[in-house]
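Me: I should like to go through the helix packing and the internal spaces of this model. Please reason through each point and close on the value or name requested.

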Amino acid sequence: MRRISRITVAGAATASLALALSACGGTSTEASSSDSKGGDKGLAIAYDVGGKGDQSFNDAAFAGLEQAKKEFGYATQDVEPTEGETDADKEQRLVSLAKQGYNPVIGVGYAYAAAVKGAAEKFPDTTFGIVDDSTVESKNVADLVFSEEQASYLAGVAAAKSTKTNTVGFVGGVDIPLIHKFQAGFEQGVKDTNPQAKVLTQYLTQTAEEGGFSSPDKGKSAAEGQIEKKADVVYAAAGLSGQGVIEAAAANKVWAIGVDSDQYTQEALAKYKDSILTSAMKDVAKAVYNLAKSVEDGKPETGIVRGDLKSGEVSLSNSNPKFADDAEVQEAIKTAKEKIISGEIKVKTS
């Protein structure tokens, strides 16, 4: 059952609303179908840097939006970020979506923390979500977070079992605690599986504004440097920049490990897919959809909502047949997964 607040929010004319949105970020799509419930509006998402088309983090959020749109038959909207935007710009974007009657409204990425906090205070009857941040404490905010380190540990096991040179690489988009979780889990998985293996690590930038999550050229250059040092498996946790890592791996006939989405299946990466060993996935799509469903059901999620190996919301992909059919690797991953879920293996987060 729809919450009354969703249908009774006062709105301005469509033209002025579009103008307000254009001032704080371009609209990617606005879906309003003829079978929507009396023009009722539902899920809206605001993308992180890199935007839609990153074949990773943002695209996973869009998949969740598409699922909600199909199932609930309501209008949805997804909005692109703008270069050099401030927290105030992000907040205005979320406020504009809430004013239009969208509910829930989700900021995709930790950079939306301040914006979600501010918008949630202004619209207490709207449910807000933020992906990859657990710092916003509000009765109408769901912090959608994941145990990325657990999937990364399994990626480390896969890398350690697949390397021929005993050298593997990790490329992080931005040098921040969130990406440290990926690095920590990966390194632990490698070392626990093959103590002789060496892990080369490089971060692309210190801040997101410098393009660490949105620069395939930076990712490609970093991977090439690691490959020159004999890395034959390279894991990227770098958003859109990870495409450059995958391209470099394919060009040098070594393995890449993707992130967030199953990158082996991504159309934009099809020509490189034979070089994508696996991907350490977190089900952003499911988290986004679940929040939308909770609002639809009249019982909105709030507080910290965590996905992990036990819930199935972080995992390794098995789309590459060479990976899926490698019995030794699969057995090692299965054993590690069971030990993580049971608590026998405690995965580091830094």
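**Helix packing and internal spaces**

Reply: In this predicted model, helix H6 (residues 148-162) and helix H12 (residues 327-342) have axes that come within 10 Å and cross at roughly 150 degrees.

Me: How is H6 oriented relative to H12, roughly parallel or roughly antiparallel?

Reply: The axes of H6 and H12 cross at roughly 150 degrees. Angles over 145 degrees count as roughly antiparallel. H6 is therefore, with respect to H12, roughly antiparallel.

Me: Is the crossing of H6 with H12 left-handed or right-handed, and which residues of H12 are met there?

Reply: H6 passes H12 in a crossing that is right-handed. From H6, the residues Gln150, Tyr153, Leu154, Val157, Ala158, Lys161 and Ser162 take part. By class, this contact of H6 with H12 holds nine nonpolar, two polar and three charged residues. The residues met in H12 are Glu328, Val329, Ala332, Ile333, Ala336, Lys337 and Ile340.

Me: How are H4 and H5 arranged, oblique or roughly parallel to each other?

Reply: Helix H4 (residues 87-99) packs on helix H5 (residues 113-122) with the axes 8 Å apart and an angle of about 40 degrees. Angles under 35 degrees count as roughly parallel, and 65 to 115 as roughly perpendicular. The angle of about 40 degrees falls in neither class, so the arrangement of H4 and H5 is oblique.

Me: Which residues make the contact of H4 with H5, and how many of them are charged?

Reply: H4 passes H5 in a right-handed crossing. H4 supplies Asp87, Lys90, Glu91, Leu94 and Val95, while H5 supplies Ala114, Ala115, Val116, Gly118, Ala119 and Lys122. By class, six residues of this contact are nonpolar and one is polar, and the number that are charged is four.

Me: How many cavities of 30 Å³ or more are there, and which residues that line the largest cavity are the closest to its centre?

Reply: The count of cavities of 30 Å³ or more comes to one. The volume of the largest cavity is about 180 Å³. It is lined by 18 residues, and the closest to its centre are Asp48, Phe57, Phe213, Gly239 and Asp260.

Me: Which element gives the largest share of the lining of the largest cavity?

Reply: Helix H3 (57-72), helix H7 (177-193) and strand S10 (255-260) each give two or more residues to this lining. The lining divides by class into eleven nonpolar, two polar and five charged residues. The largest share, three residues, comes from H7.

Me: What is the volume of the largest pocket, and how does its lining divide by class?

Reply: The largest pocket has a volume of about 420 Å³. Of its 21 lining residues, the closest to the centre are Val49, Thr82, Gly84, Ala208 and Glu209. By class, the lining has nine nonpolar, seven polar and five charged residues.

Me: Which element gives the most to the lining of the second largest pocket?

Reply: The second largest pocket holds about 230 Å³ of space, and among the residues that line it are Tyr110, Asp132, Phe146, Leu178, Lys181 and Arg306. This lining divides into six nonpolar, one polar and five charged residues. Two elements, strand S6 (141-146) and H7, give two or more residues to it. With three residues, the element that gives the most is H7.

Terms used. Residues numbered from 1 in each chain as written. Predicted model: local features only at pLDDT ≥ 70, side-chain atom pairs only at ≥ 80, totals over all residues. Heavy atoms only, no water. 1 Å grid on protein atoms, 1.4 Å probe; cavity = no way out; pocket = protein on both sides within 12 Å on 5 of 7 lines; lining within 4 Å. Points joined across faces, edges and corners; volume = space filled by probe spheres on them. Helix = DSSP H or I, 4+ residues; strand = E, 2+ residues; numbered from the N terminus. Nonpolar A, V, L, I, M, F, W, Y, C, P; charged D, E, K, R; others polar. Axes fitted to C-alpha atoms, helices over the stretch in contact; angles between N-to-C directions. Left-handed = near helix turned anticlockwise from the far one by under 90°. Contact = heavy atoms within 4.5 Å.
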